[in-house]
Amino acid sequence: MHIFVTGATGYIGQAVSQRLLQAGHTVCGLVRSESGAKALRARGIAPVLGGLDDTAVLREAALAADAVVDTATADHAESTQVFLSALEGTNKKFIRTSGTGIYTDLAQGELNPTIYTEEVQHSPAEIVATRYATDLAVIDAASRGIHTVVLRPSMIFGDGASEQLPLLIRQAITSGRSLYVGRGDNRWSNVYIADLAEAYFLALDKAPAGSAYNLAAGEARMGDIAETIARLVGLQAAESCTPEVAYQALGQRWVDVAISSNSRVDSAKARTELGWNPVGPDLLDDLGSGSYKRIWAYKGDPHDHVQAVAIDDALEGVDSH
């Protein structure tokens, strides 16, 4: 197949694109800059110059492809509608990347025992309501001649990167405090990046139209993540804090949606219907002694492209990026 991938230079998009190439598919990727285009060409991916607001570019690329895999963001409803409009009646495959953040509960560090399956009737928190509504719109579009699939990754980790973990690590390095909110008993399900890429590959081949899958292989308590980060960067222990302190350090949306909430899911559907069998490491093991230790123990964000900074200097207030 010829597959158009948005976010092809991103964390998810890179992993998914490489898995598709390994399977023999051809891939073109949306990219905003010539430097990004050069990086894609080096990996065997044909660049498509443009952004999510470039309607004509998105339509043309979608119609030229056999399938569209949208990994750029879960929160750009306008581009999703462009894809659905362009693909209507074509029976082409469209995979939307959402996330288990739709189940965020604003728990402020308390444990919520609820574990969600895809069939649970769900009323999302207002902060993620648009994301959930876009999921439903994509699922419903299967009735209009589009082979739609919604994938909801949980907390992704591996290769020293993530959406959430680098934010927490940078904050711990630069401030000397690894924080969690309240009791830190809230939990997020998680998935290793290579296992996630495999799920996209399987979904392209096996997922029925109008389906949705929660993707997780384990879960971790946020207080334990903070403690592991503290050890990673040379601190004695993590610290509990109020939501207000966390807002100031990390930003309110991050804290409310991710750092202080629960997002716990069951992935039996993906295992049964897609044959998905995640085999990656445990998140806390990889964070404490695996890829994160190799990349983060003595320097800042691996994507910042700056000279490494010793932890002792960072803790004295030197900004590592």
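**How the labels are earned**

Modeller: The buried residues of H1 pack against strands S1 (2–6), S2 (26–31), S4 (67–70), S5 (93–97) and S7 (155–157), and against helix H7 (193–206). Packing here rests on contact, meaning heavy atoms within 4.5 Å. This is a predicted model: local features need pLDDT of at least 70, side-chain atom pairs count only at pLDDT 80 or more, and totals for chains, interfaces and linings use all residues. Residues are numbered from 1 along each chain as its sequence is written, and side-chain values use heavy atoms, with hydrogens and water left out.

Colleague: Which residues of H1 are buried?

Modeller: Ile12, Gly13, Val16, Ser17, Arg19 and Leu20. Buried means under 20% relative accessible area, exposed means over 50%, and partly exposed lies in between (1.4 Å probe, protein chains only). These buried residues cover an arc of only 165 degrees around the axis, which puts them on the same side of H1. The arc is that of the directions from the helix axis to the C-beta atoms.

Colleague: How do you know that the span of helix H1 agrees with 1.5 Å a residue?

Modeller: The expected span is 1.5 Å times one less than the number of residues. H1 has 12 residues (11–22), so 16 Å should be spanned, and the end C-alpha atoms are 17 Å apart, which agrees. The label H1 itself comes from DSSP: helices are H or I runs of at least four residues, strands are E runs of at least two, numbered from the N terminus. Glycine 24 follows H1, and its phi is positive, near 100 degrees.

Colleague: Now the sheet. What is the order of its seven strands?

Modeller: The order is S3-S2-S1-S4-S5-S6-S10, in an open sheet with parallel pairing. Strands S3 (46–49) and S10 (211–215) stand at the edges, because each has a single partner strand, so one side of each lacks a neighbour in the sheet. On average, neighbouring strands are turned by 20 degrees against each other, direction ignored.

Colleague: What makes S6 and S10 a pair?

Modeller: Two strands pair if DSSP finds at least two bridges between them. Strand S6 (residues 147–153) and S10 have five bridges, in the parallel sense, so they qualify. Proline 153 stands opposite leucine 215 in S10.

Colleague: Where does helix H2 pack?

Modeller: H2 (residues 34–42) packs on the sheet and touches S2 and S3, its direction making about 160 degrees with that of S3. Helix H5 (residues 129–140) lies across S5, S6 and S10, at about 150 degrees to S6. Axes are lines fitted to C-alpha atoms, for helices over the stretch in contact, and angles run from 0 to 180 degrees between N-to-C directions.

Colleague: Why do aspartate 75 and arginine 131 count as a salt bridge?

Modeller: A salt bridge needs a side-chain nitrogen of Lys or Arg within 4 Å of a carboxyl oxygen of Asp or Glu. Here N to O is 2.7 Å, so the pair passes. Aspartate 75 lies in the loop between S4 and helix H4 (77–87) and arginine 131 in helix H5, so the pair ties together parts 56 residues apart in sequence.

Colleague: Is arginine 131 buried or exposed?

Modeller: Arginine 131 has a relative accessible area of 15%, so it is buried. Aspartate 75, at 42%, counts as partly exposed.

Colleague: How many salt bridges does the rule give?

Modeller: The count comes to 14. One of them joins arginine 187 and glutamate 219, with the closest N and O atoms 3.3 Å apart. Arginine 187 lies in strand S9 (residues 187–192) and glutamate 219 in strand S11 (residues 218–221), so the pair ties together parts 32 residues apart in sequence. Arginine 187 counts as partly exposed at 30% relative accessibility. S9 and S11 also pair, in the antiparallel sense over four bridges. In S11, arginine 221 is the bridge partner of arginine 187.

Colleague: Last one. What makes the buried residues of H9 line one face?

Modeller: In helix H9 (residues 243–250), Pro243, Ala246 and Leu250 are buried. Seen down the axis, they fall within an arc of 60 degrees, so they line one face of the helix. Glu244 and Gln248 are exposed on the other side of H9. The buried residues of H9 pack against H6, S8, S12 and helix H10 (252–259). Just after H9, glycine 251 takes a positive phi of about 100 degrees.
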